[in-house]
Amino acid sequence: MSNTDFVLAIEDLTVSFDGFKAVDGLNMYIDHNELHVVIGPNGAGKTTVLDLICGKTKSSSGSIKFKNRELTKMPEHQIVRAGVGRKFQTPSIYENLTVYQNLEVSYPAGRSVWGSLTFKRTDEVIERVNKIAAEVLLTDLLQTEAALLSHGQKQWLEIGMLLMQDPELLMLDEPVAGMSAKERDQTADLLKRICQNRSMLVIEHDMEFVKQIAHKVTVLHQGKILAAGTMDKIQANEKVIEVYLGH
Ligand SMILES: Nc1ncnc2c1ncn2[C@@H]1O[C@H](COP(=O)(O)OP(=O)(O)OP(=O)(O)O)[C@@H](O)[C@H]1O
């Protein structure tokens with residue numbers, strides 16, 4: 001498989017902060033419909049990798065190709081428009097708006113070129129809001145103010161807001177942190193479902209959850225890859241047990 005066949009191809013990616021290499025010569029590839037999880041100890045560089053992909057942090061060297069387009073020189077908004085969605089750890093939803101309104105305002109503006117077709121556009125938006133609400137288990141709460149949602153439901157709403165833009169690559173930073181066991185299991189099902197027509201890159205510390213969702217796992221340590229492969233392989237890896245899983 002050549003690089004061009006991957007949704008995301010990261011090669012030799014490095015970023016230095018005052019001489020400290022937070023990410024150091026990273027190579028990583030993500031396929032269509034792949035759910036890829038990055039694990040590793042605190043400070044390993046996991047969040048920095050997501051920051052580099054979404055353009056929040058600029059690399060010192062190396063390449064990030066998304067559907068064969070180089071992202072390292074693109075501004076953040078252009079990377080979003082290219083089809084990369086990213087959710088941070090703390091939800092950024094509009095607490096005083098309803099679930100419906102939160103999803104509605106996330107519909108990408110200007111997608112329909114014909115301004116005069118407002119009526120059709122509205123139908124299109126309503127249909128999409130309902131579809132996404134079902135996907136993120138919020139159909140019964142569409143008219144509820146977002147402030148009244150549980151912590152887990154707020155996380156799902158934010159995932160839904162990202163799905164409104166139909167990203168081909170969705171990146172999530174610790175999506176189940178602070179969730180109940182039940183919400184965690186529901187989130188695993190939810191992610192497996194939404195991954196059926198997109199690729200996902202997830203950072204997570206909860207190994208039970210990783211086991212449930214990961215197609216492939218990359219273990220980062222001090223900005224470098226310590227191991228990569230299936231969860232079964234990773235769990236049996238001596239170096240990974242020593243540096244991370246054994247703690
Ligand atoms: N903008 C920055 N300036 C300076 N140092 C930074 C910057 N961003 C990250 N770092 C450093 O890079 C290293 C990697 O941080 P990062 O947040 O990517 O780790 P992480 O693997 O996500 O850790 P955690 O699991 O704790 O979230 C840390 O030592 C951090 O202090």
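Two strands are taken as paired if DSSP finds at least two bridges between them. In this predicted model, strand β1 (residues 8-17) and strand β4 (residues 61-66) run antiparallel and are joined by five bridges. Within this pairing, Ala9 of β1 has Lys65 of β4 as its bridge partner.

Strands β1 and β4 belong to an open sheet of four strands, arranged in the order β2-β1-β4-β5 with antiparallel pairing. The edges of the sheet are formed by β2 (20-30) and β5 (69-70), each of which pairs on one side only. Helix α1, spanning residues 46-53, packs on the sheet and touches β1, β2 and β4. The direction of α1 makes an angle of about 70 degrees with that of β2.

Helix α1 also contributes to the surroundings of the ligand, supplying three residues, the largest share of the shell. The residues around the ligand are Phe17, Ala22, Gly40, Asn42, Gly43, Ala44, Gly45, Lys46, Thr47 and Thr48. By character, the shell divides into six polar residues, three nonpolar residues and one charged residue. Gly is counted among the polar residues in this division.

A further antiparallel pairing is found between strand β9 (residues 216-221) and strand β10 (residues 224-229), which are joined by five bridges. In this pair, Leu220 stands opposite Ile225 of β10. The two strands, β9 and β10, form a hairpin in which two residues lie between them. Gln222, located in the turn of this hairpin, has a positive phi of about 50 degrees.

Conventions: Residues are numbered from 1 along each chain as its sequence is written. This is a predicted model: local features need pLDDT of at least 70, side-chain atom pairs count only at pLDDT 80 or more; totals for chains, interfaces and linings use all residues. Two residues are in contact if their C-beta atoms, placed from the backbone, lie within 7 Å. Axes are lines fitted to C-alpha atoms, for helices over the stretch in contact, and angles run from 0 to 180 degrees between N-to-C directions. A residue is near a molecule or strand if its C-beta atom, placed from the backbone, lies within 6 Å of it.
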